[in-house]
Amino acid sequence: MPRSRHWLTAVPLAVYGCAGSFPQSTLHPRSDFAAEIQQLFTGIFWWALAVFAVVETLLLVAIIRFRKSERGPPPKPTHGHTLLEIGWTLAPAVILVFVAVPTVRTIFATAGEAPRQALQVEVIGHQWWWEYRYPDLGIVTAGEMHVPVGKPVQVSITSADVIHSFWAPALGGKRDAIAGHVNRIAFRADSVGDYLGQCVEFCGASHANMRLRVLVDADTSFQAWVKTEQGGPAAPPAGSAAERGKAVFSRSACIGCHTIQGVSPGVIGPNLTHVGSRATIASGVFPNDSAHLASWIADAPSLKPGAIMTRMKPPLTDADIAALVAYLQSLK
Amino acid sequence: MSHVAASAAPAAFAFPATPRPRGLKSWVTTTDHKRIGLLYFWTAFCFFLLGGLEALVIRLQLAQPDGHLVSAATYNQLFTMHGTTMIFLALMPLSASFFNYIVPLQIGARDVAFPRLNAFSYWVFLLGGLFLNASWLVGPLFHAGSLSVAPDAGWFGYANLTERQFSPGPNIDFWVLGLQILGISSLAAGFNFIVTILNMRAPGMKMMRLPTFSWMTLVTQFLVITAFPVITVALVFLMFDRFFGAHFYVVQAGATPILWQHLFWLFGHPEVYILILPAMGIVSEVLPTFARKPLFGYTVVVYSGVLIGFMGWGVWSHHMFAVGLGPIGDSVFAATTMLIAVPTGVKIFNWIATLWGGAIRGTTALHFAVGFIAMFIIGGLSGVSHASPPADLQQTDTYYVVAHIHYVLFGGTVQGLFAGIYYWWPKMTGRLLDERLGKLHFWLTFIGMNLTFFPMHLIGLLGMPRRIYTYGPELGVGALNLTSTIGALLIGVSVLVFIGNLLRTRKRGAIAPNDPWGGATLEWSIPSPPPVYNFSVIPTVENRLPRWKTELHEPITDPPAVPPAPIHVPGGSWWPLVAALGLPVLALAPLTHTLWLAFLGAAILLFGVYRWAFEPFEM
């Protein structure tokens, strides 16, 4: 959007004292897609504010000026006025043209088609986490999506179960994730950063906990990330806690649901091949640290209502859990 | 039939001296539209309090980040039942209480066209509401805790989350069956009021002399009888999926869950107008009375209401801009949605023009009517911003939309209904509500609602989705949410003031004369509350404002206090209640997987209908 109009977008927020930081705000666009929407919304906002001011003023003037006075003559029984009716039918219609034309222009400008060389990312919604696949790069990951700054990105969105909706406001509008359908959005991020988002279609018990992050990386760090992800999992050093953890993982129910390249083929839960390199677990709800990992493994549904990863039967020992944590953290 | 003044019928004459029937039986068997109107009011008001209580728990949970007053499962039931209760059990039946009480009086009739069908509608509504809300308590019967089997997939119940695979418990069963019961009530009432308004108008009351509230009721009822079959189809599909293994919304079987969304919103958007048009009708009655000036542009207000009714059918996909319907579909629905703002805007200008040049009396009813206009403008304008699909991609399913619908349904419908209550309460009960408490009620409501719902615009724009039981502190919306919660508590206080007013004026309120306000329409020409036969003599109407002196007409003379001839009034009947009782029994059959209950329910229903059909006119 034109720089000169940046200040306009700040106005709605000024009420709230622009101070704080709002990582999931729709009013701080960081991509061409989000900026297009922001520009459109700003225009609509000013039209709405103008109409609001005029109509509410008329209403206020009417009720203040025509309060009943004891000695006043009885009001003139006017029944209507054709010209006025035509006028106030046409006025909103004309204003709506000024809203509709940029709307249709923006609809087509943001229809979700990226240039052919764009980075392809497939987003798959699950109850209650996000899976990301990069078909051209051979990468499968979860929770945190990485994209390079300044490059076009084509996101294809679908679902493995119920309807979800993928939304990272700083990078643009949401699209529903529907099994059997593919929705597409396209954007080019304009600044490096860690942008929050979350599922915005009610999808069951832990809808509130289906969060996500989009990490917009500088070109070199994106390449480095791709290189790591394309490699196999880190092999734990012999005799380490991580190695014991790998053994626990391999003999437990973990393998039925999770993939660790070369270790297990499960596809129900997130791919854990490089889980140690992620900042968060459980779909962006908790930091990826030892304490949270341990309690997550011990009893996921208590941290995330409805989570499909139930308590293990028989339960893992504390030592097993500690070893598993060490192993997962080693998977950089 | 049973309403004609007949001197031949041997029994059930009513004279002013005849005492009103008393006792529980007289209420349970009543077919009097006025009593049914009061039953609707008190029942719907109780559900309004319940829905409000659910909203308060929701607000307390969200008062600060990471709140844990209730669990995720409970929260999901709370927001589902809040929406379902407010729409189907509070706002629609509160409007229905005015349809029942006021419309026959406004059109100069002695009752509705089908009084027993009217009683049936009420009992079905009550039983459907109880059936839905029983889900809060009966968890233990389904081997679950209480507060754990209430519906929990949102009032919009999107497939395929509602399929047995993803919602195995009885929660969605309660919802799918309860809404079907309530749909029967709405449909029966819809047909009844259409026939009443078209066929039972007093002599001389041409359609373009019909009071605006009755006009908006007529439009609303046409929307009801056309929209409810659509959701019924959607619900029947879902019921077949859940109980009989059909595949209407099952992706693995090649179906698409988007079908549900089209059907639901094809009902759901007309439903919005079903909720708002009656309130618009009320405001169109209240403003002229208290400005002492005819409604400005009556014809335009009526036709714009009809136009809104038609156009309401062409906008449903604006609830689905994030679904990915493609740029052409999005553009078309954006255009139709923006167009509907034109007749809506026209109404607002005509209301302001009605006030302009009037002699305005600042009664509580007028306060609420003006509050309606002021708040509805905000709801309308935020509506335009998500009529624009790209903007909507940032706004839909966030608190911005929660703000929008509450400006429309609370700022609009609820304030409109309160205007109607303060306006018609003296007619319905014979007592005026206290004006001083009324003003306090208004200002608490007005400030409370703005404190609650205005911050939600910002909360949504800052990225908080709706329908989440918790949010992290990192979003930066904690302070705004706290403000909103404080506002909700203030609304709670305002409702307590209103209840206080209702209770206080039951015994101590000023006695209402026939016409406490100087109204122009026929309901003000008869005693408050009206006698059982309404009009001692059916009036003949010669213009749009029969009780006002205009340039061309003198006011009509009010009907005499004593009927010149005996008036035949219908007696009560048990059979509407019996027939209605069959429906929840029928619904229990699939809920509990018990076949014999289906036969029992059907038998009760058929027995009720049979006895009803062959019931003699007099009891």
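Between chain A and chain B there is one salt bridge. This is a predicted model, so read each detail below as a feature of a prediction. The two chains meet over a buried area of about 7,100 Å², and salt bridges over all chains number 18. Let's walk through the structure topic by topic.

**Where chain A meets chain B**

- The salt bridge between the chains pairs the side chains of Arg211(A) and Glu474(B), at 3.8 Å from N to O.
- Polar contacts between chain A and chain B add up to 20 residue pairs, with both residues at pLDDT 80 or more.
- Several elements of chain A each supply at least two residues of the side that touches chain B: helix 1 (6-14), helix 2 (32-65), helix 3 (82-109), strand 7 (175-177) and strand 9 (193-198).
- Helix 2 of chain A gives the largest share of that side, with 17 residues.
- Sorted by kind, the residues of the side of chain A that touches chain B are 48 nonpolar, 22 polar and twelve charged.
- In terms of contacts, 82 residues of chain A are in contact with 91 residues of chain B.
- The size of an interface is often given as the accessible area lost when the parts come together.
- Here, the area buried between chain A and chain B is about 7,100 Å², and carbon and sulfur atoms give 71% of it.
- On the chain A side, the residues that lose the most area to chain B are Phe66(A), Trp88(A) and Phe202(A), which together make up 10% of what that side buries.

**Salt bridges within the chains**

- Side chains of opposite charge can pair when their charged atoms come close.
- In chain A, one such pair is Asp219(A) with Lys151(A), whose side chains meet at 3.0 Å, N to O.
- Asp219(A) belongs to helix 4 (residues 219-230) of chain A, while Lys151(A) sits in the loop between strand 4 (144-148) and strand 5 (152-159), so this salt bridge ties together parts that are 68 residues apart in sequence.
- Both partners count as partly exposed: Asp219(A) has a relative accessible area of 35%, and Lys151(A) is at 38%.
- In chain B, the side chains of Arg547(B) and Asp558(B) form a salt bridge at 3.2 Å, N to O.
- Arg547(B) and Asp558(B) are eleven residues apart, each in the loop between helix 14 (478-508) and strand 2 (567-568) of chain B.
- Arg547(B) is buried, at 15% relative accessible area, whereas Asp558(B) is partly exposed, at 32%.
- Another chain B pair is Lys549(B) with Glu554(B), where the closest N and O atoms are 2.9 Å apart.
- Lys549(B) is exposed, with a relative accessible area of 60%, and Glu554(B) is exposed too, at 55%.
- Arg164(B), Asp173(B) and Arg242(B) are joined into one network by salt bridges that share partners.

**Two helices to look at**

- Helix 2 of chain A has 34 residues, which should span 50 Å at 1.5 Å a residue; its end C-alpha atoms are 49 Å apart, in agreement with that value.
- At the N-terminal end of helix 2 of chain A, Ser31(A) acts as a cap, with a side-chain oxygen 3.3 Å from the backbone nitrogen of Phe33(A).
- Helix 15 of chain B covers residues 575-592, and its 18 residues reach 26 Å from first C-alpha to last, close to the 26 Å expected.
- Most of helix 15 of chain B is covered, as 13 of its 18 residues are buried.
- Just after helix 15 of chain B comes His593(B), with a positive phi of about 55 degrees.

**Two single residues**

- Asn118(B) is found in helix 4 (residues 115-134) of chain B, and with 0% relative accessibility it counts as buried.
- Beyond its neighbours within four places in sequence, Asn118(B) is in contact with His33(B), Ile36(B), Asn100(B), Val112(B), Asn192(B) and Phe193(B).
- Gly138(A) lies in the loop between strand 2 (129-134) and strand 3 (139-142) of chain A, and it is exposed, with a relative accessible area of 58%.
- Although Gly138(A) and Gln230(A) are 92 residues apart in sequence, their C-alpha atoms are 6.8 Å apart in space.

Conventions: Residues are numbered from 1 along each chain as its sequence is written. Chains are lettered from A and ligands numbered from 1 in the order in which they are written. This is a predicted model: local features need pLDDT of at least 70, side-chain atom pairs count only at pLDDT 80 or more; totals for chains, interfaces and linings use all residues. Side-chain values use heavy atoms; hydrogens and water are left out. Helices (H or I, at least four residues) and strands (E, at least two) are DSSP runs, numbered from the N terminus. The expected span of a helix is 1.5 Å times one less than its number of residues. Buried means under 20% relative accessible area, exposed over 50%, partly exposed in between (1.4 Å probe, protein chains only). Contact means heavy atoms within 4.5 Å. Buried area is the accessible area (1.4 Å probe) that two parts lose on being put together, summed over both. A salt bridge is a side-chain nitrogen of Lys or Arg within 4 Å of a carboxyl oxygen of Asp or Glu. A polar contact is a pair of N or O atoms within 3.5 Å; within protein, one must be able to donate a hydrogen and the other to accept it, and residues adjacent in sequence count only if both atoms are side-chain atoms. Ala, Val, Leu, Ile, Met, Phe, Trp, Tyr, Cys and Pro count as nonpolar, Asp, Glu, Lys and Arg as charged, and the others, Gly among them, as polar.
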